[in-house]
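Student: I'm new to this one and would like a close look at a single part, the open sheet. Could you walk me through that, and then show me how the rest fits around it?

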Amino acid sequence: MPHWFMTRGRALVTSPLLLGSAVAAQGEAGHTGPPEFLLPLTLLLLVSALAAYLSYRIRLIPIIGFLLAGVLVGPGALGLIRDPALINSASEIGVMLLLFTIGVEFSLERLVRIARLIFLGGGLQTGLTVAAVSAALLAFGVGWQSAVFTGCLVALSSTVIVMRLLAERGETGARTGQVALGILIFQDLAVVLMVLLIPMLAGQGGGPGGVALALAKAAGIIGFVLVAARRLVPPVMEVVARTCSTEIFLLTVIALCFGTASLTALAGVSLALGAFLAGLLVSESRYGMQALGEILPLQVLFSAAFFLSVGLQLNPAFLLTHLPEVLGAVLLIAVLKAAVTTLSVRLLGEPLDVTLPVALLTAQVGEFSFVLATTGTALGLSFAGLGPQGTQVFIAATVLLMVVTPALGALATPLLGQRPHRPSVQAGEPAGSDHGSALPVGDRVVFAGYGAHARLAARALSRVGVPYSVITRSPDGASELAGRGAPVLIADYTRAGLLRDLGLASARVLVVADDDAEMTARAVSVARTVAPDLPIITRAETPDDLSHLKALGARHVLTPRKEVATGILDLLTPPDVSRAQVTQHLSEHAPVTLTPEQQAQCPHALSAAGPIVPEADVCLECLALGSTWVHLRTCMTCGHVGCCDSSKNRHATRHAHAQAHPVIRSAEPGETWAYCYEHGWTR
């Protein structure tokens, strides 16, 4: 059973160190066979992949497949994995990454938006569940410590399973999804407090003074991390993001997650709290969605190990010999949680068609209950006061409840009178809105990438009344768009999970405007799998690229022989907008050249004779600094736009000196003069 709350972070480095030690030891001993860890690790990957595939084929949530696969390959059944040490180490990292992703998805803004659902609805549901379970067990003579411990275990539900089911049913943004999310968020927050209180229940926390000290310590850690985040995290993330390197960004995010978790562990608080705080810090920067996209593949891998490790703990022989007790626990937990949740949600004033689905979906026990159970059992607490047998009853009941959660959720429709379920929408929100989405995409043109062609097309689209949104990896491009009030998201648009969460299939069209041919092909391929019917427009540099992109599913592939921005607009503008109007809009930001007289002034001007497309109509560096400018200048070598020497930052001159690009041209309307820094001429 996972033990990471007790080891305060030692397990965090156990697995990598063990792998390295095993390899070194085998090298010294002259062994030629595979290292010890390879077989269980290979089995872990094979079983996970097979479980995910079979779950997909029979329409089960992969998490449930992982649970059942763990039971099947564990020591109580086929015995393929007899020593679960490696899986336990991986599962510990899985829980940490799970809390990190939950922290990224929270965001303080989202917490504030549904604060009433979280603190009133979730507080009622969690508090009443702990109180009801504790009171029932006390009535049967169970000690108060084990009674409260059991109440904490039963109060938690599976955030992962419930939110996955809601997403599959398209109800994440509906009222049902919002109420369920509020309750689940409070439960996840309550885990932090429960982890601090469980040692106190076992008599190892020093009484009320120990509780107060632990809470003060947790508050101090939270305060320190949040203050440090305001000073350190944003500038670090800005520097890393400007490299546009996926590798550097991922390593930085992982280091932030593990580093914060290790810091809290060293202070005597749980790794879980540190991982959650790290996610919350990242969510407050503008790189939250990009971090989520990078971390999700790792989180999926290690979470699979976590749920497999849970399944490994279930002994089928025990389940068969104690079936009445296990089924009794399943029934009691489901009925009690459904009743308490129904009461809590009704007290919020929600209608029955919202209350019942939420109550049935949360009528199970969550993944973090296993973590609490590990800590409590090691300290002498037991489920329902049953001793060692109680642990097995709890594990078996929880696994069964997780498995039947989809069926419980589906009961809401017949219980509501066989009416087709229509998700309730919050008052004041139009149906079909992009509620809760990180970026509005419904019936919009979505740009993946924001290079020169996308800039021209986006500017003209905004002037002819066509709404658009942009996903970009460029901090400067995002600053420019944010300065104009345009919807923008900094993220990797080659991540299928991100595009699916955004609801890309509801967009009007996707324009893949990346300048890198490999990224373009990857983005088109991923988008086509997420949204099979979505029109995709992109560009190609060579005939081979054109054929390849067509084969990947791009509907319109523009080539350099055409004016790409104009071609995009021809495909996207309304029928009542003429080509002359489009040309007029584009002419406001058209490519610029030097006059023949200017070109004759010096060799530098001759090298800059070709047309140059300005990269923006603002100084991107000033926008990133939150600064202003007086005039703008365009570099006639690369199209960089910077502020003039009358501006306080002088970004045009800085760029010219740093890049050895000596010729600039005025970017002001009606001005055609140019200037060479080296020869000092102007005309």
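Tutor: Start with one pair of residues: Ile-471 sits opposite Leu-489 of strand E3. Keep in mind that you're looking at a predicted model. Those two residues belong to a pairing you can trace by eye: strand E2, residues 468-472, runs parallel to E3, and 3 bridges link the two. On the sheet, touching both E2 and E3, packs helix H23, made of residues 475-484. The direction of H23 makes about 155° with that of E3.

Now step back to the whole sheet. It is open and has 6 strands, and reading across it you meet E3, E2, E1, E4, E5 and E6 in that order, with parallel pairing. Strand E3 (488-490) and strand E6 (556-558) are at the edges, and each has a single partner strand, so one side of each has no neighbour in the sheet. On average, and ignoring direction, neighbouring strands here are turned by 15° against each other. As background, strands in a sheet pair through backbone hydrogen bonds, and the pairing can be parallel or antiparallel.

Just ahead of strand E1 (445-448) there's a spot worth a click. Asp-443 lies in the loop that joins helix H21 (412-415) to E1. Its phi is near 55°, which is a positive value in a residue other than glycine. Most residues that aren't glycine have a negative phi. Asp-443 also counts as exposed, at 56% relative accessibility.

For the antiparallel kind of pairing, go to strand E9, residues 663-666. Val-663 and Arg-665 point one way from E9, Ile-664 and Ser-666 point the other way, and all of them are buried. Strand E7 (residues 632-635) pairs with E9 in the antiparallel sense over 3 bridges, and there you'll find Thr-634 opposite Arg-665. E9 also pairs with strand E10 (residues 674-676), again antiparallel and over 3 bridges. In that pairing, Tyr-675 of E10 is the bridge partner of Ile-664.

The loop between E9 and E10 holds Trp-673. This tryptophan is partly exposed, with a relative accessible area of 25%. Trp-673 and Gln-598 are 75 residues apart in sequence, yet their C-alpha atoms are 8.3 Å apart in space.

On the other side of E9 in the sequence, look at helix H32, residues 651-659. Its buried residues are His-651, Ala-652, Thr-653, His-655 and Ala-656. Ala-660 comes just after H32, in the loop between H32 and E9. Like the aspartate above, this alanine is not a glycine but has a positive phi, here about 60°. Ala-660 is exposed, with a relative accessible area of 58%.

Next, pick out helix H15, residues 288-313. At 1.5 Å a residue, its 26 residues should span 38 Å, and the end C-alpha atoms are 35 Å apart, which agrees. H15 isn't straight, though: it bends by about 40° at Ile-295, and a proline, Pro-297, follows within four residues. Of the 26 residues in H15, 19 are buried, so the helix is largely enclosed by the rest of the structure.

What about the inside? The largest nonpolar core has 113 residues, and the ones with the most contacts inside it are Phe-100, Phe-368, Phe-370, Phe-383 and Phe-394. Helix H10 (residues 175-201) gives the most to this core, with 12 residues. Take Phe-368 as an example: setting aside neighbours within four places in sequence, it contacts Val-95, Leu-98, Leu-99, Ile-102, Leu-156, Asp-188 and Val-191. Apart from this core lies another, of 29 residues, and among them are Val-441, Leu-499, Ala-507 and Ala-527.

Finally, here's the wide view. The protein chain has 32 helices and 10 strands. Of its 683 residues, 52% are buried. Among contacts in the chain with a separation of 6 or more, 69% are between residues 24 or more positions apart.

How values were computed:
Residues are numbered from 1 along each chain as its sequence is written. This is a predicted model: local features need pLDDT of at least 70, side-chain atom pairs count only at pLDDT 80 or more; totals for chains, interfaces and linings use all residues. Side-chain values use heavy atoms; hydrogens and water are left out. Two strands pair if DSSP finds at least two bridges between them. Axes are lines fitted to C-alpha atoms, for helices over the stretch in contact, and angles run from 0 to 180 degrees between N-to-C directions. Contact means heavy atoms within 4.5 Å. Buried means under 20% relative accessible area, exposed over 50%, partly exposed in between (1.4 Å probe, protein chains only). The expected span of a helix is 1.5 Å times one less than its number of residues. The bend at a residue is the angle between axes fitted to the seven residues ending there and the seven starting there. A nonpolar core is a set of buried Ala, Val, Leu, Ile, Met, Phe, Trp, Tyr and Cys residues joined through side-chain atoms within 4.5 Å.
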